[in-house]
Amino acid sequence: MATLRNLVINLHRLDGATNIAAALRHHARDTTRPLQLLKIT
């Protein structure tokens, strides 16, 4: 679980997020946003 969390945090950092907690909340609200971050959709 820690590995997955670190992966997500690093993805947000690569995307340019400065506030990781806010980025996690933002992406948790909509199920399509994490897919957009990974450029799947």
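**Figure 1. Ala-22 sits in helix 2.**
The model shown here and in the other views is predicted. Ala-22 has a relative accessibility of 29%, so it counts as partly exposed. That value falls between the cut-offs of 20% for buried and 50% for exposed. Now look from Ala-22 to Pro-34. In sequence, the two are 12 residues apart. In space, their C-alpha atoms are 14 Å apart.

**Figure 2. The whole chain contains 3 helices and 0 strands.**
Follow the sequence from start to end and the pattern reads α-α-α. A box of roughly 25 × 20 × 15 Å, taken along the principal axes, holds the C-alpha atoms. The chain has 41 residues, and buried residues make up 15% of them. How confident is the predictor, by mean pLDDT of the chain? The mean is 90, and 100% of the residues reach 70 or more. Among the elements, helix 1 has the highest mean pLDDT, at 93. Helix 3 has the lowest, at 85.

**Figure 3. Helix 1 covers residues 2-15.**
Check its length with simple arithmetic. Helix 1 has 14 residues, and at 1.5 Å a residue it should span 20 Å. The C-alpha atoms at its two ends are 20 Å apart, so the model agrees with the expected span. Gly-16 comes just after helix 1. Its phi angle is positive, at about 100°.

**Figure 4. Helix 1 crosses helix 2 (residues 20-28).**
Two packed helices are described by the angle between their axes and the distance between the axes. Here the axes come within 10 Å. They cross at roughly 100°. Is this pair of helices roughly parallel or roughly perpendicular? Angles from 65 to 115 degrees count as roughly perpendicular, so helix 1 and helix 2 are roughly perpendicular to each other.

**Figure 5. Side by side: the residues where helix 1 meets helix 2.**
Helix 1 brings Arg-5, Val-8, Ile-9, His-12 and Arg-13 to the contact. Helix 2 brings Ile-20, Ala-23, Leu-24 and His-27. Sorted by class, this contact has 5 nonpolar, 2 polar and 2 charged residues.

**Figure 6. His-12 in helix 1 is a buried residue.**
Its relative accessible area is 3%. Buried means under 20%, so His-12 meets the cut-off. Which residues does His-12 touch, leaving out those up to four places away in sequence? They are Ala-17, Ile-20, Ala-23, Leu-24, His-27 and Leu-37.

**Figure 7. His-27 belongs to helix 2.**
This residue is buried too, with a relative accessible area of 15%. Find His-12 in this view: His-27 touches it. His-27 also touches Arg-33, Pro-34 and Leu-37. Residues up to four places away in sequence are not counted. Compare this list with the one for His-12: Leu-37 appears in both.

**Figure 8. Lys-39 lies in the segment after helix 3 (33-37).**
Look at the backbone here. Lys-39 is not a glycine, although its phi is positive, at about 60°. Is Lys-39 buried or exposed? Lys-39 has a relative accessible area of 69%, so it is exposed. The cut-off for exposed is over 50%.

Key:
Residues numbered from 1 in each chain as written. Predicted model: local features only at pLDDT ≥ 70, side-chain atom pairs only at ≥ 80, totals over all residues. Heavy atoms only, no water. Axes fitted to C-alpha atoms, helices over the stretch in contact; angles between N-to-C directions. Helix = DSSP H or I, 4+ residues; strand = E, 2+ residues; numbered from the N terminus. Parallel < 35°, antiparallel > 145°, perpendicular 65-115°, else oblique. Contact = heavy atoms within 4.5 Å. Nonpolar A, V, L, I, M, F, W, Y, C, P; charged D, E, K, R; others polar. Expected span 1.5 Å × (residues − 1). Buried < 20%, exposed > 50% of the residue type's maximum accessible area, 1.4 Å probe, protein only. pLDDT = per-residue confidence, 0-100.
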